[in-house]
Amino acid sequence: QFLRRQQVLQLYRKILRALRDVPTEADRRYLKDWAREEFRRNKDATEEDAIRMMITQGNMQLQELQRTLKLAKS
């Protein structure tokens, strides 16, 4: 459980760091609120498979966000 918690916190931090690159303040605030709400909504999850799946899904969404931000810069 401790390792899963560390993975979740690490993912959350990575998402917040990636959101710093969102160009407009309103979009940045919206995405930050969305991320915070998603993590809060799932904070009581205890089933290992579900947590693993959510971490994987979160990492995929993070990668998609990073790709989108990279495209927007170019």
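**Salt bridges and nonpolar core of the predicted model**

Arg-67 is partly exposed, its relative accessible area being 46%. The structure described here is a predicted model. The salt-bridge partner of Arg-67 is Glu-64, and the N to O distance between the two side chains is 3.0 Å. Glu-64 is likewise partly exposed, at a relative accessibility of 42%. Both residues belong to helix α3, where they lie 3 residues apart, about one turn of the helix. A network of salt bridges with shared partners joins Arg-4, Glu-48, Asp-49 and Arg-52.

Within this network, Arg-52 pairs with Asp-49, and their closest N and O atoms are 2.4 Å apart. Because Arg-52 and Asp-49 are 3 residues apart in helix α3, about one helical turn separates them. Arg-52 has a relative accessible area of 36% and is therefore partly exposed.

A further salt bridge is found in helix α2, which spans residues 25–41. Here Glu-38 is bonded to Arg-41, with 2.6 Å between the closest N and O atoms. The two residues are separated by about one helical turn, because they are 3 residues apart in this helix. Their accessibility was also computed. Glu-38, at 27% relative accessibility, counts as partly exposed, whereas Arg-41, at 53%, counts as exposed, the cut-off for exposed being over 50%. In the structure as a whole, 8 salt bridges are found. In general, side chains of opposite charge can pair when their charged atoms come close.

The nonpolar interior was examined next. The largest nonpolar core has 9 residues, namely Leu-11, Ile-15, Ala-18, Leu-19, Val-22, Ala-35, Leu-62, Leu-65 and Leu-69. Two elements each supply two or more residues to this core: α1, covering residues 2–19, and α3, covering residues 48–73. The largest share, 4 residues, is contributed by α1. One of the core members is Ala-35. Leaving aside residues up to four places away in sequence, Ala-35 touches Tyr-12 and Ile-15. Of these two contacts, Ile-15 is itself listed in the core. In soluble globular proteins, nonpolar side chains tend to be buried together.

An annotation from UniProt covers part of the chain. The unreviewed entry places the feature "domain: Complex 1 LYR protein" at residues 6–64. Over residues 6–64 the model is 81% helix and 0% strand. The C-alpha atoms at the two ends of this stretch are 22 Å apart.

How values were computed. Residues are numbered from 1 along each chain as its sequence is written. This is a predicted model: local features need pLDDT of at least 70, side-chain atom pairs count only at pLDDT 80 or more; totals for chains, interfaces and linings use all residues. Side-chain values use heavy atoms; hydrogens and water are left out. A nonpolar core is a set of buried Ala, Val, Leu, Ile, Met, Phe, Trp, Tyr and Cys residues joined through side-chain atoms within 4.5 Å. Buried means under 20% relative accessible area, exposed over 50%, partly exposed in between (1.4 Å probe, protein chains only). Contact means heavy atoms within 4.5 Å. UniProt positions are given in the numbering used here, feature names are shortened, and annotations may be inferred rather than shown by experiment. A salt bridge is a side-chain nitrogen of Lys or Arg within 4 Å of a carboxyl oxygen of Asp or Glu.
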